[in-house]
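Student: Please take a close look at one sheet in this model and set out how its strands are arranged. Then place that part within the rest of the chain.

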Amino acid sequence: MTRATKIVATLGPASSEPDVLERLLRAGVDVVRLNFSHGQAADHIARAELVRATAQRVGKPVALMADLQGPKIRVGRFAEGKVLLEAGARFVLDAGRTQPGDVQAVGLDYKELPRDVRPGDTLLLNDGLIKLSVEDVRGEQVVTRVVLGGELSNNKGINKAGGGLTAPALTGKDMEDIRTAMAFQAEYVAVSFPKSATDMEMARQLANVAGESSRHKPAMIAKIERSEAIPQLEAILRASDGIMVARGDLAVEVGNAAVPALQKKMIRMAREMDKLAITATQMMESMIQAPVPTRAEVSDVANAVLDGTDAVMLSAETAAGRFPVETVEHMHLIALEAERADEVTLETDFAHKRFGRIDQSIAMGALFTAHHLGCKAIVALTESGSTALWMSRHNIKVPIYALTSQPASERRMALFRNVRPLLMPRMTDRDAALAQAEAVLVGKGVLKPGDTYAITCGEPMGYPGGTNMLKVCQVG
């Protein structure tokens with residue numbers, strides 16, 4: 001059984017050596033995430049080139065995701081690198097402070113904090129491990145009382161319970177990083193902390209302009225990690241190609257208990273709107289140090305798969321962990337087992353579905369036909385990947401093979417659930433293209449004599465969005 005759910009892995013010190021990266025791709029990584037919170041432009045370009053070369057050597061399409069840093073909503077640095085805050089103590093967050101911090105006060109990377117808070121607000125530092133109650137705002141100083149103490153070290157993040165920080169999603173650094181990402185034609189750009197559709201529209205416009213010289217337009221992923229994004233979710237989805245359920249900062253703002261239900265809602269909404277969904281943060285966190293995951297992590301990954309996520313994502317586990325390859329191997333096996341247990345509910349899915357486009361109707365017809373005929377495969381001849389995307393929004397045990405003449409489309413489709421993208425030569429003759437598609441799949445061992453498969457294409461050939469034909473074939 002081939003895995004339908006895709007795996008996103010973050011590149012970092014633990015995974016940047018060519019041999020380790022090759023093992024990761026062979027273990028099942030489909031998308032490589034470049035974290036722009038760390039490193040310089042030259043580092044990202046070099047790593048992107050390494051991923052491209054390694055993917056070609058391994059012989060599989062691999063997408064690149066440029067993950068923007070977003071606003072630095074963080075405390076400054078401490079003289080000793082860290083302090084121990086005691087519950088009940090007074091602690092000042094000072095936007096005007098230039099000297100290193102101590103147990104009484106620290107500077108801020110985020111200078112707007114004094115204007116974003118008022119007495120009675122709760123601030124959560126270091127992913128919620130430190131809890132501060134705002135008592136007063138005096139000019140550039142936010143005077144707080146420590147409610148939940150602990151160790152606080154340099155540059156730890158700040159969240160406001162319930163949201164409300166005004167930091168813009170796109171910083172000057174992000175705009176430069178978008179240009180860097182377009183220099184190596186990243187298939188996906190992930191935008192951190194968007195609060196509205198406008199944030200995503202601005203990021204898309206910047207990326208399209210930066211990629212204009214190479215005629216490259218990346219897909220845009222909205223990272224849902226602010227509480228303000230939740231009521232705007234539908235609008236954000238419409239302005240994006242997909243979302244990332246970024247459970248770390250989101251959990252700090254809305255509370256841990258609210259996240260599982262929000263995860264299910266977000267994945268369901270993304271699928272209903274023909275968008276992509278990635279589930280991220282601490283999925284296999286213990287494997288940063290341990291060779292096997294915890295039972296809770298196994299359940300977490302399996303439940304995301306059963307929710308219908310397109311991909312599950314690894315962050316520090318592959319970027320800095322001791323067992324990056326083993327982590328991917330475990331995630332691969334967990335996803336496989338969850339998919340085996342997943343039920344096909346096409347009839348229910350289609351019961352109230354309305355199609356306004358011919359190509360979308362053909363895609364849905366292919367799913368229904370292949371499921372009931374017991375086809376070995378569904379084959380979509382696609383230029384843009386839209387037909388394969390629509391097919392992938394519904395759970396079906398039949399694998400979808402997306403054949404395209406566009407290398408960029410092949411790599412982009414590496415993120416689509418249950419889609420196996422393949423390159424084939426561009427053809428204008430329909431019958432020749434159908435024969436070539438069958439030959440490609442027979443040659444790869446996907447199909448053998450006697451197998452039945454459903455195939456979709458457009459006539460005339462080669463026009464994005466032109467799928468208008470469904471044919472059921474049997475290999476002779």
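Tutor: Two strands are taken to pair if DSSP finds at least two bridges between them. The model is predicted. With that criterion, six strands form an open sheet in the order 6-5-9-8-7-11, and the pairing is mixed. The edges are strand 6 (105–107) and strand 11 (158–160); each has a single partner strand, so one side of each is left without a neighbour in the sheet. On average, neighbouring strands of this sheet are turned by 35° against each other, direction ignored.

Within the sheet, strand 7 (residues 122–125) pairs with strand 8 (residues 130–138) in the antiparallel sense, over four bridges. In this pair, L123 stands opposite L132 of strand 8.

A second sheet can be described in the same terms. It is open, has five strands in the order 19-18-17-20-21, and its pairing is also mixed. Strand 19 (419–423) and strand 21 (467–474) stand at its edges with a single partner strand each, so one side of each lacks a neighbour in the sheet. Here the average turn between neighbouring strands, direction ignored, is 20°. Strand 17 (residues 377–381) and strand 18 (residues 400–404) pair over four bridges in the parallel sense, and V379 stands opposite Y401 in strand 18. Helix 13 (residues 358–373) packs on this sheet, where it touches strand 17, strand 18, strand 20 (452–458) and strand 21. The direction of helix 13 makes about 20° with that of strand 21.

There is also a helix pair to place. Helix 7 (residues 247–254) and helix 8 (residues 259–272) pack at an angle of about 125°, and their axes are 10 Å apart. The two helices are therefore oblique to each other, and the crossing of helix 7 and helix 8 is right-handed. On the helix 7 side the contact involves R247, L250, A251 and V254, which meet V259, L262, Q263 and M266 in helix 8. By class, this contact has six nonpolar residues, one polar and one charged.

As for the whole, the chain has 16 helices and 21 strands. Its C-alpha trace spans about 80 × 50 × 45 Å along the principal axes. For 476 residues, a compact globule would have a radius of gyration near 23 Å; the chain has 24 Å, which agrees.

Key
Residues numbered from 1 in each chain as written. Predicted model: local features only at pLDDT ≥ 70, side-chain atom pairs only at ≥ 80, totals over all residues. Heavy atoms only, no water. Axes fitted to C-alpha atoms, helices over the stretch in contact; angles between N-to-C directions. Parallel < 35°, antiparallel > 145°, perpendicular 65-115°, else oblique. Left-handed = near helix turned anticlockwise from the far one by under 90°. Contact = heavy atoms within 4.5 Å. Nonpolar A, V, L, I, M, F, W, Y, C, P; charged D, E, K, R; others polar. Rg over C-alpha atoms; globule rule 2.2 N^0.38 Å.
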